[in-house]
Amino acid sequence: MIVDCKKNRKALYLQVLIVTIVYLRMARILSIDYGLKRTGLAVTDPLQIIASGLTTVESPKLIPFLKDYFKKEAVEKIIIGEPKNLDDSDTHATPLVKQIIERIKKEFPAIPVETVDERYTSSMAKQAMIDMGMKKKQRRDKAAVDEIAATIMLQEYLQSGSRF
């Protein structure tokens, strides 16, 4: 029910507040599995219950892709996989990921960025592809591995309850 704003300003303000709250709760979480060549992306549904693969983009085209995506979809948080060795030391890829994190924070200051452990996500993605019955040729598609790895990271994040 839409109210006449001339008759009842308080009711109109209340409606705007409710729509804003609903909109904010309908924002997605975006997961990034960043690599030198390719970046796997996954997102939650608007209710933040299910993680789904979004796509894989060439890493140099990540920021333009995100700018376009954020125009179409509300995203309340970005999680990005942080590469670490088993002893928690940085890998050769850690500085690269830290650079893109800083760039994302600069380009999208209103969206918080959180790092998550990405150890084993690629091997888990490969195993998931086997479990799904994908043919060997399909499993060689590194873009699919990256997208599935981002999805696994996001699903684990949702299950951990870290978003609250």
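User: How many helices and strands does the protein chain have, and what pattern does it follow along the sequence?
Analyst: In this predicted model, the protein chain has six helices and five strands. Read along the sequence, these elements follow the pattern α-β-β-β-α-β-α-β-α-α-α.

User: In what order do the strands of the open sheet lie?
Analyst: The open sheet has five strands, and their pairing is mixed. Its edge strands, each pairing on one side only, are β3 (51-58) and β5 (113-117). From one strand to the next, the twist averages 25 degrees. The strand order is β3-β2-β1-β4-β5.

User: Do β1 and β2 run parallel or antiparallel, and which residue of β2 is the bridge partner of leucine 30?
Analyst: The two strands form a hairpin with three residues between them. Five bridges join β1 to β2, and the strands run antiparallel. In β2, the bridge partner of leucine 30 is valine 43.

User: In which sense do β1 and β4 pair, and which residue of β4 is the bridge partner of serine 31?
Analyst: Strands β1 and β4 pair over five bridges in the parallel sense. For serine 31, the bridge partner in β4 is isoleucine 79.

User: Why is β1 described as largely enclosed by the rest of the structure?
Analyst: Arg28, Leu30, Ile32 and Tyr34 point one way from β1, while Ile29, Ser31 and Asp33 point the other way. Residues on both sides are buried, the cut-off being under 20% relative accessible area. The strand is largely enclosed because its buried residues number seven of the seven.

User: How many bridges join β4 to β5, and which residue of β5 is the bridge partner of glutamate 82?
Analyst: Strand β4 spans residues 75-82 and runs parallel to β5, to which five bridges join it. Glutamate 82 has its bridge partner in β5, namely aspartate 117.

User: Is lysine 77 buried or exposed, and with which side chain does its side chain make a polar contact?
Analyst: Lysine 77 has its place in strand β4. Its relative accessible area is 13%, so lysine 77 is buried, given the cut-off of under 20%. At 3.4 Å, the side chain of lysine 77 makes a polar contact with the side chain of glutamate 114.

User: Which strands does helix α2 lie across, and at about what angle does it run to β1?
Analyst: Helix α2 comprises residues 62-72. It lies across β1 (28-34), β2 (38-44), β3 and β4. Its direction relative to β1 is at about 170 degrees.

User: Which strands does helix α3 lie across, and at about what angle does it run to β4?
Analyst: Helix α3, residues 94-107, lies across β1, β4 and β5. Relative to β4, helix α3 runs at about 165 degrees.

User: At what angle do α2 and α3 pack, and how far apart are their axes?
Analyst: Two packed helices are described by the angle between their axes and by the distance between the axes. α2 passes α3 in a right-handed crossing. The packing angle is about 35 degrees, and the axes are 11 Å apart.

User: How many nonpolar, polar and charged residues does the contact of α2 with α3 have?
Analyst: Helix α2 contributes Leu62, Ile63, Leu66 and Lys67, and α3 contributes Ile100, Arg103, Ile104 and Glu107. By class, this contact of α2 with α3 has five nonpolar, no polar and three charged residues.

User: What share of the contacts with a separation of 6 or more comes from residues 24 or more positions apart?
Analyst: The protein chain has 164 residues, of which buried residues make up 37%. Among the contacts with a separation of 6 or more, residues 24 or more positions apart account for 60%.

Methods:
Residues are numbered from 1 along each chain as its sequence is written. This is a predicted model: local features need pLDDT of at least 70, side-chain atom pairs count only at pLDDT 80 or more; totals for chains, interfaces and linings use all residues. Side-chain values use heavy atoms; hydrogens and water are left out. Two strands pair if DSSP finds at least two bridges between them. Helices (H or I, at least four residues) and strands (E, at least two) are DSSP runs, numbered from the N terminus. Axes are lines fitted to C-alpha atoms, for helices over the stretch in contact, and angles run from 0 to 180 degrees between N-to-C directions. Contact means heavy atoms within 4.5 Å. A crossing is left-handed if the near helix is turned anticlockwise from the far one by less than a right angle, and right-handed if clockwise. Ala, Val, Leu, Ile, Met, Phe, Trp, Tyr, Cys and Pro count as nonpolar, Asp, Glu, Lys and Arg as charged, and the others, Gly among them, as polar. Buried means under 20% relative accessible area, exposed over 50%, partly exposed in between (1.4 Å probe, protein chains only). A polar contact is a pair of N or O atoms within 3.5 Å; within protein, one must be able to donate a hydrogen and the other to accept it, and residues adjacent in sequence count only if both atoms are side-chain atoms.
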